[in-house]
Amino acid sequence: MKIVVIGASAGGSRALETLLSCLPADFSVPILLVKHHDSGSGTDMVKWLHNRTTLDVHLAEDKEHIQAGSIIVAPPSYHLLLETDGSVSLSIDEPVMHARPSLDVLFESAALAFGDEVLCLVLTGASRDGAEGAEAIRKAGGKVYVQDPETAEVPVMPRAALGKSGAGFVLGLSDLTKKLLEFANE
Amino acid sequence: MTSPVPRSSQDVNNLLEAMTAQYGYDFSGYAPASLNRRIHRHMQSFNIESVENLKQIILKDEQAFADLLRSLSVPVTEMFRDPPFFKYLREQVLPWLATFPFIKIWHAGCATGEEAWSMAIMLHKAGLLSRSQIYATDYNEEALTTARRGIYDSPLLDTWQRNFKESGGEGDLSDYCFQRYGSLRMDRTLQQHITFANHNLVTDHAFGEMNLVLCRNVLIYFSRDLQNRVLDLFKESILPGGLLCLGPRETMRFSSVADSFEPVEHEWKIYRLKQGFQL
């Protein structure tokens, strides 16, 4: 089973809008999303995305099964993890790099549970969260694409996720959308 | 820093079996993703190279097992955590509790006890504490010791005060906790109505005849099977018509006891045990 994991932080709302509004309602791969929240309930984020994509968007509920056509969003103050049986778990373990939800936690669980079936996108952000997790996905044989730091609103997070060697794949938002569609159709 | 957790589920299973056999702590029903992460983090901080190695160490060394146990449990809580939830309890649930001659409340998985103390404060404010008994249980003896002592770090007070106000609490929280030597000490008179006890949701039995059970952000660490066991245990522990409060992102929807309960409040996951289900 294929799975898409996406991480975004500062500046991420607009990037997500561009990225996700281009996906068709029958997009066949479940999407899990961690977006760092400044504050608030996260339902705002879900509502905001809901009006910008034809896919079903909702906050993760513990142990729900991931489904095609859905974007499952990590709730504020919870880590979101993927289990091998295709369900999601939440946790209130300590924040990672001041972040909960954390990209690293989701990405590492996805690498462990789904290995080379994972496609990971790291978008704009001011944190280094996600770099370790992206590396874990690469090591497990998954694909990692990073928003071009030159065009990202805040380049820190994509730059960190490129890895020590800087050898990761860098793409603009429209090419990231193309990669998502390719991945679904492979 | 963190590197990917190796795919070693057999090793992890062996470790869990050893923990059950040697020490009676059964983690096999825990949701694997978080558990793996915690085991791995424990290995990093104790410089242990493999899960197999960890197993050998804890089998020989009881202190090493205690260290692991500490890494595996999550005492993350605060006073009046989720203020709107407590506001709901204060406004909607307390008046209902007030109709009973005696009130029994169980905080299952209470960690370091802040929620149980919060409940005692709320009951005291409502004039109900004198006829209430709160049971606060956890399997983690170290967390329970903290809970029982009722002594916390002073810097927490600001957050607590804010939560307390947001939950609709009147007056000053510091009426109930005293600052001394950089610590906060909970009012002893509250404690007469709280019983802190060791109870493991995985292996222990029901606690009888509760009006209200709170178990928030504990089930997220369990697999669905274990969640079902625990929810069943709650069903046995709650009086017909009594309430169960789960964490805001936890649900009973997938569980085998879902039909026995009806949702009372959707956002805060408060359920009522239907009348006539417990014979």
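## A buried aspartate

Let's start inside chain A of this predicted model. Asp129(A) is buried, because 30 other C-beta atoms lie within 10 Å of its own and 20 or more is enough to count as buried. Along the chain, Asp129(A) sits in the loop between β7 (118–122) and α4 (131–139) of chain A. What does Asp129(A) touch, once residues up to four places away in sequence are not counted? The list is Val96(A), Met97(A), Ala99(A), Ser102(A), Leu103(A) and Asp104(A).

## Three residues, one spot

Asp129(A) also turns up in a database record. An unreviewed UniProt entry lists Ser9(A), His36(A) and Asp129(A) under "active site". They are spread over 121 residues in sequence, yet no two of their C-alpha atoms are more than 9.7 Å apart, so they gather at one spot.

Now take Ser9(A), another of the residues listed in that record. Ser9(A) lies in a loop as well, the one between β1 (3–8) and α1 (12–20) of chain A. Is Ser9(A) buried or exposed? Ser9(A) is buried, because its count of other C-beta atoms within 10 Å is 26, and the cut-off for buried is 20 or more. If you leave aside its neighbours within four places in sequence, Ser9(A) is in contact with His36(A), Thr124(A), Gly125(A), Ala126(A), Ser127(A) and Met157(A). One of these, His36(A), is itself on the UniProt list.

## Chain A as a whole

Step back and you'll find six helices and nine strands in chain A. Taken along the principal axes, the C-alpha atoms fill a box of roughly 35 × 35 × 30 Å. For 186 residues, a compact globule would have a radius of gyration near 16 Å; chain A comes out at 14 Å, which agrees.

How much of chain A counts as buried? The answer is 55% of its 186 residues. As for contacts with a separation of 6 or more, 70% of those in chain A are between residues 24 or more positions apart.

## Where the chains meet

Chain A has a partner, chain B. The contact between them takes 26 residues from chain A and 22 residues from chain B. On the chain A side, β5 (79–82), β6 (88–91), α3 (103–114) and α4 each supply at least two residues. Which of the elements gives the most? That is α3(A), with seven residues.

The side of chain A that touches chain B divides into 13 nonpolar, four polar and nine charged residues. For the complex, the predictor gives an ipTM of 0.90 and a pTM of 0.91.

## Chain B and its two domains

The secondary structure of chain B comes to 10 helices and 10 strands. Its C-alpha trace spans about 55 × 50 × 30 Å along the principal axes. With 279 residues, a compact globule would have a radius of gyration near 19 Å, and the 20 Å of chain B agrees with that. Of those 279 residues, 44% count as buried. Look at contacts between residues at least 6 apart in sequence, and 75% of those in chain B join residues at least 24 apart.

The domain assignment splits chain B into domain 1 (9–72) and domain 2 (83–273). Their C-alpha centres lie 29 Å apart. Where the domains touch, six residues of domain 1 are in contact with eight residues of domain 2. The domain 1 side of that contact divides into two nonpolar, two polar and two charged residues.

## A glycine in a strand

For a single residue in chain B, try Gly241(B), found in strand β8 (residues 238–246). Gly241(B) is partly exposed, because 14 other C-beta atoms lie within 10 Å, which falls between the cut-offs of 12 or fewer for exposed and 20 or more for buried. Not counting residues up to four places away in sequence, Gly241(B) touches Arg272(B), Leu273(B) and Gln275(B). Gly29(B) is 212 residues away from Gly241(B) along the chain, and the C-alpha atoms of the two are separated by 29 Å.

## How sure is the predictor?

Chain B averages a pLDDT of 91, with 96% of the residues scoring at least 70. Over residues 1–7 of chain B, though, the pLDDT is below 50. Beyond near neighbours in sequence, this stretch has 16 contacts in the model. Where pLDDT is low, the predicted coordinates should not be read in detail.

Methods: Residues numbered from 1 in each chain as written. Chains lettered and ligands numbered in written order. Predicted model: local features only at pLDDT ≥ 70, side-chain atom pairs only at ≥ 80, totals over all residues. pLDDT = per-residue confidence, 0-100. Contact = placed C-beta atoms within 7 Å. UniProt positions renumbered as here; feature names shortened; annotations may be inferred. Helix = DSSP H or I, 4+ residues; strand = E, 2+ residues; numbered from the N terminus. Nonpolar A, V, L, I, M, F, W, Y, C, P; charged D, E, K, R; others polar. Rg over C-alpha atoms; globule rule 2.2 N^0.38 Å. Domains from an automatic or database assignment.
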